[in-house]
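Trainee: I am new to this one. Can we go through its empty spaces and its sheet, and ask what earns each term?

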Amino acid sequence: MSQYPPFSRYETGAASARVRDQLLRLRHQMRDQAILDEATARLATELNIRPVEAAEQLARMARHSGLAPIEVARGIERPSEEAVGPLDVPVGVRGMLEAVHASALYLTPVHDATGRVVDFLILAANRHARTVAGRTAAELAGRRLMTASPGVAGSGLLDDCIAVYESGEPVHREALEFVEVLDHLLWPATLSVRAARVDDGLLVSWRPLDDEELLVSGWERAQRLAELGWGEWNLATERTLWTPQMYEMLGRDRSDGPMSLEELPASVVPDDLPIVEEHLRSLLEHREAVENEFRIQHRHGVRHLCVYGEPILDTDGVPVKVRFLVQDVTRNRRRERALAVAHEQALSQRRRAEEEHDVTVRLQDTILPFRRGLIQMPGLTIGVRYLPGEELIRLGGDWFKARHLPDGRVLLAIGDAMGHGLTAASLMIQMRAGLAGLAYTGASADQLATWLNDLIVHSNQGVTVTGTAIIGHFDPAERTYRWTNAGHPAPVLIRDGRARLLDPAPGLMLGAFDVTEYDLTTTRLEPGDFLILYTDGIVERRGQDMAARMDALIQAAHFCCGDDPEEVIACLLKRLGGEAAEDDVCVLAVRVL
């Protein structure tokens with residue numbers, strides 16, 4: 001049984017209806033195009049200009065009238081045709097016309113005011129003459145070509161006729177997809193058209209291709225598109241037949257004729273000779289069909305050919321002919337090689353990324369071994385949660401610092417090194433280690449930020465690296481937090497169940513400029529207050545507005561009250577989706593005792 005469920009009658013009917021609607025829309029578009037093409041030909045005849053100029057005129061008329069081009073085209077009437085007296089046909093032309101066993105016309109040029117050829121007058125037509133739309137010889141003589149057959153403009157045949165008249169070089173258009181336009185209807189046909197200059201005019205002939213010719217033409221087009229060739233070697237008569245594509249694939253000039261089977265190995269890449277020898281042995285000795293792929297030396301380089309060969313046997317089982325169906329698969333093989341190289345490069349990049357990730361994780365584990373839990377400091381209980389990014393390319397440089405200083409103050413800082421991977425991890429080390437050393441000078445937070453900025457700028461000459469930070473000191477005796485903001489998201493203060501963002505003095509991110517000064521902000525705290533310090537990973541989400549995410553943080557803080565800093569952090573992460581954050585997340589919940 002089929003693995004696919006059977007279509008119901010409703011599903012089949014609906015699919016057919018959709019196809020029918022598409023065809024109706026397409027036919028409507030074709031009809032509109034027929035109206036435009038015929039209007040262009042009529043306008044070109046009336047104004048005695050070339051079709052491209054008539055199309056531009058039609059577009060201008062549409063713009064000036066405010067109507068759609070198709071509506072303007074519907075209003076353009078067929079130009080009136082003046083009565084034509086006896087036509088002066090050159091001696092011998094009628095004889096040439098009647099000698100042509102296809103539709104044929106003799107044309108003379110029609111010039112504009114500047115002397116350019118813009119159209120042709122039909123002086124004579126042979127008895128076979130019949131346009132695609134059905135006009136006969138009696139209806140054609142004495143009329144302008146674009147009036148009698150508007151399709152010559154859109155198909156490019158008028159341009160060909162002008163080129164033949166001006167250059168004298170004949171033209172032959174085989175399997176031309178010609179679309180005649182008459183009374184706003186399309187009459188498509190596939191034609192073979194010839195044009196040549198005779199005296200001061202053109203002899204033009206055409207005939208529609210029959211079904212067999214259409215099939216042959218389609219097969220030749222398919223061979224070109226699929227890069228297929230076919231060849232037959234008659235082993236008895238040594239006569240060889242090749243399709244045109246075979247010459248191109250094997251890099252052989254047509255004037256030299258097809259190569260013999262004996263010559264084939266000479267064109268093969270030496271490494272592939274055993275394949276060709278075995279291929280011919282299978283055909284001639286084992287008398288069985290065989291398929292192989294080998295490379296040949298081509299004038300445009302090495303080509304990859306996939307060859308299917310079969311022997312044609314007589315009644316005694318003796319091979320009398322050999323046939324090859326050949327496909328050029330060079331593009332496929334080049335694409336496969338490119339994909340293999342790209343795949344190898346991707347694997348190499350992934351290995352480097354994994355190595356970088358491993359080094360980065362090790363650095364983070366060394367610098368930030370404490371990632372979750374409680375820290376007791378004078379006058380404070382600090383809850384910590386650090387969640388590194390899960391993706392290799394998203395592993396960032398978030399850090400924090402909580403340390404009791406010799407002067408009795410508590411250093412509370414949090415930061416984020418811009419970027420990801422080793423770059424961010426190395427900058428994180430600089431910022432955290434640099435701050436730890438500078439903090440023992442006893443300087444204020446604004447001075448520490450200025451020194452830290454100088455350290456980052458002058459330690460990374462030639463490379464611009466930046467980071468953000470909140471740096472501050474908590475004084476247990478006064479219960480004050482004196483802090484400075486270096487481009488970092490502002491802390492959240494939770495007091496009596498209500499949360500708000502602290503309003504700091506603005507400061508530039510670290511490393512952006514070599515001379516930067518920072519201002520100090522003093523925040524007085526009360527017992528039971530919670531101070532939330534965090535990095536942007538907890539609030540940033542791809543495709544979401546940052547202001548809305550900050551509002552969500554404040555709303556979450558309203559509901560995340562309690563005495564346990566770890567529970568407050570867990571509540572915030574749950575409400576904000578921090579566990580599934582794409583970037584690093586670092587949160588400090590500082591409870592004032």
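Mentor: Begin with a space of about 80 Å³, the second largest cavity. Keep in mind that the model is predicted.

Trainee: What makes this space a cavity?

Mentor: A cavity is a set of points where a 1.4 Å probe fits but cannot get out. The search of the whole structure finds three cavities of 30 Å³ or more. The space of about 80 Å³ is the second largest cavity.

Trainee: Which residues line the second largest cavity?

Mentor: Among them are Glu38, Ala41, Arg42 and Thr45, along with Met146 and Thr147. Helices α1 (9-47) and α6 each supply at least two residues of this lining. The largest share, four residues, comes from α1.

Trainee: How does the lining of the second largest cavity divide by class?

Mentor: Five residues are nonpolar, two polar and four charged. Arg78 and Arg135 are in this lining, and Arg counts as charged. Pro79 and Pro150 line the cavity too, and Pro counts as nonpolar.

Trainee: How much space lies in the largest cavity, and which residues lie nearest its centre?

Mentor: About 210 Å³. Its lining has 18 residues, with Leu145, Ser149, Val152, Leu157 and Trp206 nearest the centre. Elements giving two or more residues to it include α6 (145-148), α8 (157-167) and β1 (103-111). By class, 15 of the lining residues are nonpolar, two are polar and one is charged.

Trainee: Why is the space lined by Trp233 and Asn234 called a pocket?

Mentor: A pocket is an open set of points, while in a cavity the probe cannot get out. Trp233 and Asn234 line the second largest pocket, so the term tells you that this space is open. Its volume is about 160 Å³. Three nonpolar, three polar and three charged residues make up the lining.

Trainee: Now the sheet. What is the order of its strands?

Mentor: The order is β2-β1-β5-β4-β3, in an open sheet of five strands with antiparallel pairing.

Trainee: Why are β2 and β3 at the edges?

Mentor: Each has a single partner strand, so one side of β2 (117-125) and one side of β3 have no neighbour in the sheet. From one strand to the next, the twist averages 40 degrees.

Trainee: How do you know that β4 and β5 pair?

Mentor: Two strands pair if there are at least two bridges between them. β4 and β5 have eight bridges, in the antiparallel sense, so they count as paired. Leu191 has Pro208 of β5 as its bridge partner.

Methods: Residues are numbered from 1 along each chain as its sequence is written. This is a predicted model: local features need pLDDT of at least 70, side-chain atom pairs count only at pLDDT 80 or more; totals for chains, interfaces and linings use all residues. Side-chain values use heavy atoms; hydrogens and water are left out. On a 1 Å grid over the protein atoms alone, a cavity is a set of points where a 1.4 Å probe fits but cannot get out, and a pocket is an open set with protein on both sides within 12 Å along at least five of seven lines; lining residues have an atom within 4 Å of a point. Grid points are joined across faces, edges and corners, and a volume is the space filled by probe spheres set on the points. Axes are lines fitted to C-alpha atoms, for helices over the stretch in contact, and angles run from 0 to 180 degrees between N-to-C directions.
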